[in-house]
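Here is a walk through one protein chain, written for someone who likes to have the coordinates open while reading. Have a look at the structure first, then read on.

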Amino acid sequence: MTPLLVAAGALAGAPLRLLAVRLAGRSGRDPAAATLGVNVAGAAVLGVLLGLHDVPAGVLALVGTGLCGTLTTFSGFGADVVRLVEERTVVRAVGYVAATLVAGLAAAAAGYLLARWGAR
């Protein structure tokens with residue numbers, strides 16, 4: 001049952017990421033902004049899941065592994081960094097890396113603390 005739940009979550013996460021990247025492209029924004037957004041959103045959702053008590057294993061598989069696993073993207077992040085460096089925008093690439101790390105960790109912590117606070 002768990003692989004099917006992961007697959008069901010993945011069916012939602014991957015298209016959401018693709019939609020975010022395409023919307024960023026249509027609005028004239030750098031696709032890296034979309035990657036940053038989905039990675040931070042996924043980190044926040046995972047933080048909430050980890051902060052909740054007694055989350056059923058099926059929900060963790062569906063939302064944590066499936067949805068968040070395909071919504072977020074390390075490979076896309078890496079490709080964005082390489083592209084920014086190749087475009088000779090190294091300062092922007094470094095800022096992108098720093099923003100991803102800081103915002104991702106902050107989002108995960110905020111999600112975790114919010115869930116713990118709400119569980120009281």
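What follows goes from the overall layout to the packing inside, the charged pairs and a patch on the surface.

**Overall layout**

First things first: this is a predicted model. Confidence runs high on paper, with the protein chain averaging a pLDDT of 95 and 100% of the residues scoring at least 70. Among the elements, helix α1, residues 2-26, has the lowest mean pLDDT, at 94, while α5 has the highest, at 97.

The fold is quick to describe: there are 5 helices and 0 strands, so to speak an α-α-α-α-α pattern when you read along the sequence. The C-alpha trace spans about 50 × 30 × 20 Å along its principal axes. Of the 120 residues, 28% count as buried. The accessible surface comes to about 7,300 Å², and carbon and sulfur atoms hold 72% of that.

How much of the contact map comes from residues 24 or more positions apart? Taking contacts with a separation of 6 or more, such pairs account for 72%.

**Packing inside**

The largest nonpolar core has 6 residues in all: Ala32, Phe77, Val81, Leu84, Ala93 and Tyr96. Two helices, α4 (74-86) and α5 (90-118), each supply at least two residues of this core. The largest share, 3 residues, comes from α4.

Phe77 is a handy place to start looking. This residue is found in helix α4 and is buried, because its relative accessible area is 11%, under the 20% cut-off. Leaving out residues up to four places away in sequence, Phe77 touches Thr35, Asn39, Tyr96, Val97 and Thr100. Tyr96 in that list is also a member of the core. For a sense of scale, pick Phe77 and Arg116: they are 39 residues apart along the chain, and their C-alpha atoms are separated by 29 Å.

Ala93, another core member, is in contact with Val81, Leu84 and Val85 once its neighbours within four places in sequence are left aside. Val81 and Leu84 belong to the core as well.

Another spot to check is Leu49, whose place is in helix α2, residues 31-51. Is Leu49 buried or exposed? Its relative accessible area is 10%, so Leu49 is buried. Skipping residues up to four places away in sequence, the contacts of Leu49 are Val55, Val59, Leu60, Val63 and Gly64. With Val59, the C-alpha separation is 8.9 Å for a gap of 10 residues along the chain.

**Charged pairs**

Side chains of opposite charge can pair when their charged atoms come close. By the salt-bridge rule, the count here comes to 4. Three of the pairs are worth pulling up, with their N to O distances:

| Pair | N to O distance |
|---|---|
| Asp30 and Arg92 | 2.9 Å |
| Asp80 and Arg83 | 4.0 Å |
| Arg83 and Glu87 | 3.4 Å |

Which parts of the chain does the pair of Asp30 and Arg92 tie together? Asp30 lies in the loop between α1 and α2 and Arg92 in helix α5, so the bridge links parts that are 62 residues apart in sequence. The two ends sit in unlike surroundings: Asp30 counts as buried at 14% relative accessibility, whereas Arg92 is partly exposed at 46%.

Asp80 and Arg83 are a local affair, both lying in helix α4 and 3 residues apart, about one turn of the helix. Asp80 is buried, with a relative accessible area of 8%, while Arg83 is partly exposed, with 24%. Arg83 also meets Glu87 in a salt bridge, and Glu87 counts as partly exposed at 44% relative accessibility. Salt bridges that share partners join Asp30, Asp80, Arg83, Glu87 and Arg92 into one network.

**A patch on the surface**

To finish, turn to the outside of the model. Leu16, Leu19 and Leu23 make a nonpolar surface patch of about 270 Å². Of these, Leu23 has its place in helix α1. Why does Leu23 count as partly exposed? Its relative accessibility is 47%, and partly exposed covers the range between 20% and 50%.

Key. Residues numbered from 1 in each chain as written. Predicted model: local features only at pLDDT ≥ 70, side-chain atom pairs only at ≥ 80, totals over all residues. Heavy atoms only, no water. Core = buried A, V, L, I, M, F, W, Y, C linked by side-chain atoms within 4.5 Å. Buried < 20%, exposed > 50% of the residue type's maximum accessible area, 1.4 Å probe, protein only. Helix = DSSP H or I, 4+ residues; strand = E, 2+ residues; numbered from the N terminus. Contact = heavy atoms within 4.5 Å. pLDDT = per-residue confidence, 0-100. Patch = residues over 30% accessible without salt bridge, like charges linked within 9 Å, V, L, I, M, F, W, Y side chains within 5 Å. Areas by Shrake-Rupley, 256 points an atom, 1.4 Å probe, with all protein chains shown as cover. Salt bridge = Lys/Arg side-chain N within 4 Å of Asp/Glu carboxyl O.
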